[in-house]
Amino acid sequence: MSEQSVDQLDLSRLQPYLEERIDGFGTIQACRKFSGGQSNPTFLITADGGRFVLRRKPPGELLKSAHAVDREYRVMAALQDTPVPVPRMDLLCEDETVIGSMFYVMEFVEGRIHWNGALPDSSPGERGAIYRNMAGVLAAIHGVDVDAVGLADFGKPGNYFARQLNRWSKQYYASETEKNPAMDRLIQWLEANMPEDDGQVALIHGDYRIDNLIIHPDQPDVLAVLDWELSTLGHPWGDIAYQCMQLRLPQDAAIPGLGDLDRGSLGIPTEEEYVAEYCRLAGIDGIPNWNFYIVFNYFRLAAILQGIQKRALDGNASSDTAFEYGAMARPLTETAVKLI
């Protein structure tokens with residue numbers, strides 16, 4: 001797969017397609033690929049009618065069930081009139097003959113995307129407010145009435161963690177590039193220590209972290225939640241543990257966390273404070289088996305990053321930093337093993 005086919009769009013085919021289907025779209029004036037992100041190539045399109053974002057499935061051979069842009073479109077369309085902030089959805093194109101793969105188009109939301117969870121350009125007060133708002137939005141996602149918004153069939157029944165362990169184990173081994181005993185041990189431990197299914201089912205984002213949020217240009221408010229590719233119906237505690245696990249990562253990692261930073265001096269809640277705020281907003285007393293959910297998410301992220309590494313080796317990765325992300329897979333499993 002050539003770099004050009006991943007990073008460029010056939011505007012001669014795209015222009016008439018969008019002009020016919022989006023009211024007031026007009027003529028495309030410019031198009032550029034966003035540099036961030038590791039999964040689905042995403043482009044900013046400037047047209048006479050404004051700015052739009054196009055998100056496509058990567059071309060080429062892909063893992064089964066990966067790069068589900070149609071699921072992203074469906075969930076964000078369903079959330080339009082809920083407390084969860086999402087961009088306006090304009091169209092979904094499942095006809096792969098238009099640009100070579102499925103894609104959708106949504107509005108461009110003006111705001112800030114923070115790639116560093118330490119928020120170095122913010123004051124301590126703003127940092128704290130952003131994190132509190134993040135907890136609030138996550139609680140809002142988990143509080144969505146999935147029947148009312150038409151998402152009752154958005155996930156499979158049964159134990160979410162058992163389901164996810166099965167899925168990501170298969171995806172990991174399908175994209176394995178070298179043997180990793182730590183991953184084998186993690187999978188065995190997770191199978192043996194799986195909590196009983198408590199029956200909780202909620203809409204979950206699946207990749208909730210600060211760089212998948214658009215923050216207001218001047219305020220700490222969350223204007224939009226992006227990158228819903230991994231969303232499903234599942235257990236809400238997996239979602240919040242995923243975010244907290246990522247914040248434990250070193251500051252110098254390809255996906256930077258807060259590492260050994262003094263969160264208090266930065267104005268950022270500790271993990272315990274953040275979880276307590278989420279629980280308050282979600283109306284629950286606490287989260288038992290917390291270590292299991294943290295270990296599970298180390299495993300899950302390692303499996304995701306292994307897929308990125310495989311795509312990089314195959315030449316159809318979405319970002320130039322794919323190898324850096326992929327290289328994190330083994331250290332993540334080794335860190336997780338220390339917690340079991």
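## Charge distribution

In this predicted model, the protein carries 30 positive and 48 negative charges, and the mean positions of these two sets lie 4 Å apart.

## Overall fold and dimensions

The protein is built from 12 helices and 9 strands. Its radius of gyration is 20 Å, close to the 20 Å that the globule rule gives for 340 residues, so the protein is as compact as a globular protein of that length. Taken along the principal axes, the box filled by the C-alpha atoms has dimensions of roughly 55 × 45 × 40 Å.

When contacts between residues at least 6 apart in sequence are considered, 70% of them join residues that are at least 24 apart.

## Burial and surface

Of the 340 residues of the protein, 55% count as buried. The area that the protein exposes amounts to about 14,900 Å², of which carbon and sulfur atoms supply 47%.

## Cysteines

The structure holds 0 disulfides. Cys31 takes part in none, the nearest cysteine sulfur being that of Cys93, at a distance of 15 Å; with a relative accessible area of 29%, Cys31 is partly exposed.

Why does the sulfur of Cys244 form no bond with the closest cysteine sulfur? That closest sulfur belongs to Cys279 and is 9.6 Å away, which is too far for a bond, because a disulfide requires a pair of cysteine sulfur atoms within 2.5 Å. As for its surroundings, Cys244 counts as buried, at 2% relative accessibility, whereas Cys31, at 29%, is partly exposed.

Definitions and conventions
Residues are numbered from 1 along each chain as its sequence is written. This is a predicted model: local features need pLDDT of at least 70, side-chain atom pairs count only at pLDDT 80 or more; totals for chains, interfaces and linings use all residues. Side-chain values use heavy atoms; hydrogens and water are left out. Buried means under 20% relative accessible area, exposed over 50%, partly exposed in between (1.4 Å probe, protein chains only). Helices (H or I, at least four residues) and strands (E, at least two) are DSSP runs, numbered from the N terminus. The radius of gyration is taken over C-alpha atoms; the globule rule is 2.2 Å times the number of residues to the power 0.38. Contact means heavy atoms within 4.5 Å. Accessible areas come from the Shrake-Rupley method with a 1.4 Å probe; for residues, only the protein chains shown count as cover. Lys and Arg count as positive and Asp and Glu as negative; His and the chain ends are not counted. The place of a charge is taken as NZ of Lys, CZ of Arg, CG of Asp or CD of Glu.
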